[in-house]
Amino acid sequence: MYNVKIYENISFLTEETTMILMPLNMIKEGMINAKPIYLSEDSILLDEGDVIRDRYLERITELGIRSIYVKDDSSYKKSIHDIIREELRNSSSLSMEKIMGNICYVDEEEVEMTRDIITNIIEYLLTNDDILVNLSEMKAMDDYAYEHSVNVSILSLIIAIKLGYDKEKLVDLGVGAMLHDIGKTKVDLGILNKPSSLTMSEYDQIKKHTLIGYEMLNDIKNISYDSKIIALSHHERYDGSGYPYNAKGEGIHELARVVAVADVYDALTNDRVYRSRISTDEAVDYIASVSGSQFDSNIADNFIENIARYPVGKGIILNTGFKGYVVFNKKNHVSRPIVRILYNNMGERVKIPYIIDLSETEDSIKVVGTTDDIELF
Ligand SMILES: [Fe+2]
């Protein structure tokens with residue numbers, strides 16, 4: 001028998017955290033919603049505690065949301081921390097929709113709006129210092145339009161806070177990250193959304209979003225050079241393989257080097273028209289594999305050290321053959337989550353599910369794979 005600690009009563013399992021994140025296709029009528037779902041900044045579709053009905057599920061699907069939090073009716077309680085308050089995320093996405101939706105130009109007022117959003121996000125991140133380990137949960141929260149800009153900003157800011165940036169630099173970074181793809185508003189949608197591979201000339205047009213974005217921001221007075229340069233340089237790569245100028249190493253602005261990592265990570269972990277998303281651990285592996293070549297290793301390694309490889313709710317397979325899913329990620333143990341075991345090594349459901357803290361098992365028990373084939377209830 002393995003020497004593991006089985007938790008019956010652990011302190012992080014508190015009253016207020018009895019919810020679970022579930023993919024929409026597993027949600028059934030009658031389940032209880034655990035977190036508000038917003039239609040707009042001031043309109044709620046479903047509040048915490050509301051009973052989920054089929055008609056709501058249809059609406060949620062229309063909104064493009066993939067997963068929602070429901071009250072956990074199993075016998076244990078688990079902790080889920082938000083990356084960022086749901087309302088703040090939603091209002092950020094809506095503001096970005098407004099900015100990017102009617103754009104032929106960006107003006108000072110829109111930049112100011114972006115700065116306000118970023119300032120709120122920074123305040124939030126700075127007051128929640130365990131935010132990093134649960135980073136990957138943000139993926140499944142919602143799919144509202146323009147979430148990519150918001151995600152890239154949050155990820156970039158999280159990296160930057162760890163790197164010790166001051167407030168002013170954080171604001172420049174956040175504003176630039178939020179507007180990094182603004183140039184795409186002027187690229188032909190048919191090319192941007194083309195599901196098949198691009199011709200050389202189509203790819204050249206997409207690449208131009210960097211130069212176009214920089215030009216769009218260039219005439220605006222209340223945006224800093226450091227923010228603008230992010231639009232221009234976020235596709236440059238540390239080894240010189242990027243665009244538009246094949247800039248290299250320290251020759252790429254530091255803030256653009258941060259956004260490059262966040263941008264790629266978020267792109268990989270989201271569905272695109274031309275490919276499906278990959279899992280968090282695969283995306284982390286990818287970032288690790290190109291750290292030092294495509295990405296500044298200091299930035300990429302910092303990112304990897306602070307992102308949970310297996311997000312809460314993810315089905316995992318242990319080296320012992322037992323299977324379960326992640327209930328919590330601890331700081332400084334990003335690949336050793338606390339897991340709830342549901343199946344033994346014969347594939348049979350265990351009589352009484354139990355919890356193991358893999359941060360305390362060293363190498364005797366570890367995660368060796370992930371699975372989507374776990375019945376949670
Ligand atoms: Fe881009």
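Helices α4 and α5 are roughly antiparallel to each other, because their axes cross at roughly 155 degrees and an angle over 145 degrees counts as roughly antiparallel. This comes from a predicted model, in which the chain holds twelve helices and ten strands. The chain has 377 residues, of which 42% are buried, and its average pLDDT is 80, with 78% of the residues scoring at least 70.

**Helix α4 against helix α5**

- Helix α4 spans residues 147-162 and helix α5 spans residues 167-178, and their axes come within 8 Å of each other.
- The crossing in which α4 passes α5 is right-handed.
- On the α4 side the contact is made by Ser149, Val152, Ser153, Ser156, Leu157 and Ala160, which meet Leu170, Leu173, Gly174, Ala177 and Met178 of α5.
- Sorted by class, the residues in this contact of α4 with α5 comprise seven nonpolar and four polar ones, while no charged residue takes part.

**Helix α3 against helix α4**

- Helix α3, which covers residues 108-126, has an axis that comes within 11 Å of the axis of α4, and the two cross at roughly 50 degrees.
- The two helices α3 and α4 are therefore oblique to each other, and their crossing is right-handed.
- From α3, the residues Ile118, Ile121, Ile122, Leu125 and Leu126 make this contact, and from α4 the partners are Ser153, Ile154, Leu157, Ile158 and Ile161.
- The contact of α3 with α4 divides into nine nonpolar residues and one polar residue, with no charged residue present.
- Ser153 and Leu157 of α4 appear both in the contact with α5 and in the contact with α3.

**Helix α9 and its surroundings**

- Which element of the chain has the highest mean pLDDT? That element is helix α9, residues 225-233, with a mean of 97.
- Because seven of its nine residues are buried, α9 is largely enclosed by the rest of the structure.
- The buried residues of α9 are Ser227, Lys228, Ile229, Ile230, Ala231, Leu232 and Ser233, and they pack against α5, α8 (209-218) and α10 (254-268).
- Helix α5 is thus named both among the partners of the buried residues of α9 and in the contact with α4.

**Ile341 in strand β8**

- Ile341 lies in strand β8, which runs over residues 338-343.
- Is Ile341 buried or exposed? Ile341 counts as buried because it has 21 C-beta neighbours inside 10 Å, where 20 or more are required.
- Leaving aside residues up to four places away in sequence, Ile341 touches Phe322, Gly324, Val350, Pro353, Tyr354 and Ile356.
- One of these partners, Gly324, is 17 residues from Ile341 in sequence, yet the C-alpha to C-alpha distance between the two is 4.1 Å.

**Contacts along the chain and confidence**

- Of the contacts in the chain between residues at least 6 apart in sequence, 65% join residues that are at least 24 apart.
- The lowest mean pLDDT among the elements, 38, belongs to strand β1, residues 6-7.
- Over residues 1-17 pLDDT stays under 50, although the model has 26 contacts beyond four places in sequence for this stretch.
- Residues 74-83 likewise have pLDDT under 50 throughout, and for them the model has 31 contacts beyond four places in sequence.
- Where pLDDT is low, the predicted coordinates should not be read in detail.

Terms used. Residues are numbered from 1 along each chain as its sequence is written. This is a predicted model: local features need pLDDT of at least 70, side-chain atom pairs count only at pLDDT 80 or more; totals for chains, interfaces and linings use all residues. Axes are lines fitted to C-alpha atoms, for helices over the stretch in contact, and angles run from 0 to 180 degrees between N-to-C directions. Helices (H or I, at least four residues) and strands (E, at least two) are DSSP runs, numbered from the N terminus. Angles under 35 degrees count as roughly parallel, over 145 as roughly antiparallel, 65 to 115 as roughly perpendicular and the rest as oblique. A crossing is left-handed if the near helix is turned anticlockwise from the far one by less than a right angle, and right-handed if clockwise. Two residues are in contact if their C-beta atoms, placed from the backbone, lie within 7 Å. Ala, Val, Leu, Ile, Met, Phe, Trp, Tyr, Cys and Pro count as nonpolar, Asp, Glu, Lys and Arg as charged, and the others, Gly among them, as polar. A residue is buried if 20 or more other C-beta atoms lie within 10 Å of its own, exposed if 12 or fewer, and partly exposed in between; C-beta atoms are placed from the backbone. pLDDT is the predictor's confidence in each residue, from 0 to 100.
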